[in-house]
Amino acid sequence: MSQQLSPVNSFAQMQAGRPTGPLVQGYEVIIGFETHTQLTTQSKIFSRASTAFGAEPNTQASAVDFALPGALPVMNKGAVQRAIEFGLAVNAHIAESSVFARKNYFYPDLPKGYQISQFEIPVVQGGVVEFFLPSTPSTSSGQAGSGQAALEKKSVRLVRAHLEEDAGKSLHEDFIGQSGIDLNRAGTPLLEIVTEPDMRSSAEAVAYAKELHKIVTWIGICDGNMQEGSFRCDANVSVRKPGEALGTRREIKNLNSFKFMQQAIDYEVRWQIGQIEDGHAIQQATVLFDPDTGETRSMRTKEDAADYRYFPDPDLPPLMIGRDWVEKTRSDMTKLPREMANEFVEQYGLSESDASTMTQNHATAVYFIAASNESGLPKLVCNWMMGELSRKLNAADTTFAYSQVRPSHIANLVKRIADGTISNNAAKQVFDAIWNVEGHSVDEIIERLGLKQMSDSSELDKIIDEVLAANAKNVEEVRAGNTKAMNALVGQAMKATKGKANPAQVNEMLKKKLG
Amino acid sequence: MALTSQDIERVANLARLELRPDETDRVLGQLNGFFALVAQMDAVNTEGIEPLAHPAAVLGQVALRLRDDIVSEPNQREESQKSAPAVERGLFLVPKVIE
Amino acid sequence: MSRTDLHDLSVAQLAAQLAAREVSSVEVTQHFLNRIQQHDGLGAFLATDADVSLAQARAADARLALGERAPLLGVPLAHKDIFVTRDFPTTAGSKMLAHYRSPFDATVVRQLGAQGAGMVSLGKLNCDEFAMGSGNDNSAYQPVHNPWDTTRVPGGSSGGTAAAVAARLVPAATGSDTGGSIRQPASLTGITGIKPTYGRCSRYGMVAFASSLDQAGPMARSALDCALLLSAMAGPDLDRDSTSLDLPALNYATDLIAADAGGSGSAPLKGLRIGLPTQFFGAGCSADVLQAVRGALAEFEKLGATLVDVSLPLTELSIPVYYVIAPAEASSNLSRFDGVRYGHRAANYGDLTDMYKKSRSEGFGDEVTRRIMIGTYVLSHGYYDAYYLKAQKIRRLIAEDFQKAFAQCDIIAGPVSPTVAWKIGEKSDDPVASYLADIYTLSSSLAGLPGMSVPAGFGAHGMPVGLQLIGNYFKEAQLLGTAHQFQLATDWHTHRPPGF
């Protein structure tokens, strides 16, 4: 839904009570997003051709997708189901009756010469996306974090989400002066998600996009594969001096990676400010971000692009969604990431930040719950998942869902750490062994590699006496107050026990003996 | 409200049609005659009336039929491209699309 | 019966002879193919293919030889070139689709063909370009001539269908009706045609003109023949057409005999109330047409029907309303003709926009261009509310007017066209004048109601006049039954144009 320049009053009313963001060169940054998410249906929204990615050109297109004379659209229930699921996930209103409209314009990847979309009455209305953003520090001295950065809760309101069909693709390489049109993608169902202009910084915008990405992949309506074009963001960006009239916005199209998203918005903001400072007015425009140059540039304007001549599609009666369908969907739906994160905080005692990480996707959450329930040690589980396991998974380019280290492995591992059977160092060895599929169970590996910490005090006592006897010089130094010497003794003791002693215990015993 | 030749130009462009200069005048005259007829609609009071987008809606609510999410259309590229003006390696060729 | 009389047989009679193995489908098909060639000058056909037709006939004969029996098996027909067919090219009467070959058949074609009723296709019938026109003089290929007077139009847009049926080049054929394109040519050529309730027949495979108005329907020389075809054509197409009504097809032919008009014997239409809208019988209709229509109505009274006056106050408004809505939908439906994936592409062009403009302007004729312009304008920014939205609101009022009228009558009757067929070329310069002549058929189209044209006599210049019968929603059986009783008692529908 396009937003015209609105008088300061109505925008101010709309935004009343919303905190402003960090000013850039004294300017307030105002951002709204439109995100096109490809839905995970098997067939297209209006035709029964496949939506699978990567097929030979034009081999996944039916008469409807080729827009042959006489072809007509027939609606895919799966697309509607996913729209309902999204609406519930963001607490939006699901319209009982919504209308499909034709958006008319000419483009070679738009075979009918119009896109079937929704205009005046979309299927999902309202809604909100909430997430956490590190608070902007009042000073920017590089204070080493002593724990967690303070988090600010943000909520971005949605205007609507509507169903529509995707266009085909134009390919330009290999053709001199020509483009090749592939209609495999034409007709893939899209849910277009539109926000109010609630975001106040590029960081917030990226955080919103990441949270939205998490939601749609979590509930399974979109595969989130940005390289394949499953999740495409357009950012509407404007700037203004606080209190002044709303600035003219420019739209940055097709932001397909989080990495470039922030860069693109930051550039655009600086560019707009530069223009204003130089006395130039901002013209409404559509721009593209060039990752090679790091700049946004205006697209060639399509004449009359704005006059889409929307009218209700006479080939499609209104979409009716009964309340029982909505309620059944609600009861069948998996718990949402934000809800689950709250539960992790309350039931497992995780910090908000850690809970957020444990709910970054469904597979992670499932893993965490399984390991925590089995071990009763959620914080340790969390540390191992965020630490060693994540490192290994990232290096191997795989995920929790496919990890050979299973939740029960982690559960047992942390139990053995907590009950003192092994030290942290030993635990790393056990972990590596499981990762490399060199053993079946934690206890078996501990046994086989002889990693049990020495628990027998009498044996340790004996060894410490031997160490003290063999290192008389160090003993004197320790008594003289030299801590380094103490460390050396601990080191000797550890060596003598082949690392199996509990260092804390060694320390304690040495101290006792030395007085 | 009478149309002007700018209207004709704008509309022709929107519809991707090309009118010769002599045609433009003729079409302008014909359309103006037509819209004089259309002005009769103003005489009807339609306050509070819902538009009738689907004729069957007069009888009661028409609802969009939903089909199951099943793939049943096979590859039909060859047959569908039989009447294509320009095809190469399965792609429809058009003059280069500049963004 | 001599073989030369084959073209005088009705669909029902041909079917009976084929079933009785008195004649083969190949013989019948060849007979009509010869006639088509013989009367090529009418301009009725755009495509024929003897090999294709005879192959279909041989297949039908094989089925008949095995003992299969079906009401239309082996009977020839032809299709208006607005229906896509695999076996013949489809042009929709336009240069835009010259040589276009559809990879699929329209549902209606499939239902009547080998996979359905088993009829044999003789080819594709000429029509006004993209079904836009009332005289079949907007065809990009050739005008069609009225067999009753070849200097006159047959009507449109199903002009080729009407001429071919009237000249007995085919026993029956399919047409399409958006604002009267079945009823009006039927009236002007003295044949019978019916436009069913909107949604009754599938639109899948009909080249779209105005999506909320287009309907397929049969045209033949009697209501009974129309009923036979409609039985095969009507029915839900739930998998392919979202506007197709989920109502089972009826066997209209058997229903015909037991038409629910009450009464029997000498007054078979006793109890039937026929409403005559005052607006249909005013000064706008020529005297000769009114005379024929009134004569026909007198016959209905003899059959037991009662005539009552009703009012359809928005009749005149139906013209601007239709000519805002239909072109608006058409302008969007025709956007797919862009020279990219099929259809005409200009030989010379510069960039992409130039390719679009040249291809479309070369491919579309004047009337189509005009309607696309109108449609684009009324949908464009700033005009949508005043034109398109306003028209759709008045459309609802028109539909409500009909419901009020149907409270007082069962069937509405009146003329189809204000005049008999005019001379070819007479109306070409003034498109608005030809729009005005659609006045009696547009309102029922807008409301989605079923309507028929039945031969009712002759008017000026000895040209045929049709009587229009409009029924309430889903009352095709009642319309056909009423028309059938009329045709049992009269013989207008049996008159043949001299020389055919």
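**Exercise 1. The interface of chain A and chain B**

Determine how much area chain A and chain B bury between them, and which residues of chain A lose the most area to chain B.

Solution. In this predicted model, chain A and chain B bury about 4100 Å² between them. Carbon and sulfur atoms account for 59% of that area. On the side of chain A, the residues that lose the most area to chain B are A:R48, A:F106 and A:F175. Together these three make up 14% of what that side buries. Counted by residues, the contact takes 56 from chain A and 37 from chain B.

**Exercise 2. A sheet shared by two chains**

Give the strand order of the four-stranded open sheet built from chains A and B, and find where the two chains join.

Solution. Begin with the order, which is β10(A)-β11(A)-β3(B)-β2(B), with antiparallel pairing. Next, identify the edges: β10 (169-171) of chain A and β2 (87-88) of chain B each pair on one side only. The join between the chains is then the pair formed by β11 (residues 178-182) of chain A and β3 (residues 91-95) of chain B. These two strands run antiparallel and are connected by four bridges. For a specific bridge, take A:I181, whose partner in β3(B) is B:F92.

**Exercise 3. The interface of chain C and chain B**

State the area buried between chain C and chain B, and the number of residues each chain gives to the contact.

Solution. The two chains bury about 5400 Å² between them, and 68% of this lies on carbon and sulfur atoms. The contact takes 75 residues from chain C and 53 residues from chain B. In chain C, the greatest losses of area to chain B fall on C:M373, C:Y377 and C:R396, together 14% of what that side buries.

**Exercise 4. A helix pair across chains B and C**

Classify the packing of α2(B) against α10(C) by angle, then describe the residues in contact.

Solution. Helix α2 (residues 21-38) of chain B and helix α10 (residues 318-333) of chain C have axes that come within 8 Å and cross at roughly 125 degrees. The range for roughly perpendicular ends at 115 degrees and roughly antiparallel begins over 145, so α2(B) is oblique to α10(C). From α2(B), the contact uses B:F34, B:L37 and B:V38, and from α10(C) it uses C:I319, C:P320, C:Y323 and C:V324. By class, seven residues of this contact are nonpolar, with no polar and no charged ones.

**Exercise 5. A helix pair within chain A**

Classify the packing of α10(A) against α11(A) by angle, and give the handedness of the crossing.

Solution. The axes of α10 (residues 378-395) and α11 (residues 407-418), both of chain A, are 10 Å apart at an angle of about 115 degrees. The two helices are therefore roughly perpendicular to each other. The crossing of α10(A) past α11(A) is right-handed. On α10(A) the contact residues are A:L380, A:V381, A:W384 and A:L389; on α11(A) they are A:I410, A:L413, A:V414, A:I417 and A:A418. The residues of this contact divide into nine nonpolar, no polar and no charged.

**Exercise 6. The sheet of chain C**

Find the edge strands of the open sheet of 11 strands in chain C, and describe how β2(C) pairs with β3(C).

Solution. The strand order is β1-β3-β2-β4-β6-β5-β10-β11-β9-β7-β8, with mixed pairing. The edges are β1 (45-47) and β8 (306-310), each of which pairs on one side only. From one strand to the next, the twist averages 35 degrees. Strands β2 (residues 76-80) and β3 (residues 120-125) of chain C pair in the parallel sense over four bridges. Within β3(C), C:K124 is the bridge partner of C:H79.

Definitions and conventions:
Residues are numbered from 1 along each chain as its sequence is written. Chains are lettered from A and ligands numbered from 1 in the order in which they are written. This is a predicted model: local features need pLDDT of at least 70, side-chain atom pairs count only at pLDDT 80 or more; totals for chains, interfaces and linings use all residues. Side-chain values use heavy atoms; hydrogens and water are left out. Axes are lines fitted to C-alpha atoms, for helices over the stretch in contact, and angles run from 0 to 180 degrees between N-to-C directions. Angles under 35 degrees count as roughly parallel, over 145 as roughly antiparallel, 65 to 115 as roughly perpendicular and the rest as oblique. A crossing is left-handed if the near helix is turned anticlockwise from the far one by less than a right angle, and right-handed if clockwise. Contact means heavy atoms within 4.5 Å. Ala, Val, Leu, Ile, Met, Phe, Trp, Tyr, Cys and Pro count as nonpolar, Asp, Glu, Lys and Arg as charged, and the others, Gly among them, as polar. Two strands pair if DSSP finds at least two bridges between them. Buried area is the accessible area (1.4 Å probe) that two parts lose on being put together, summed over both.
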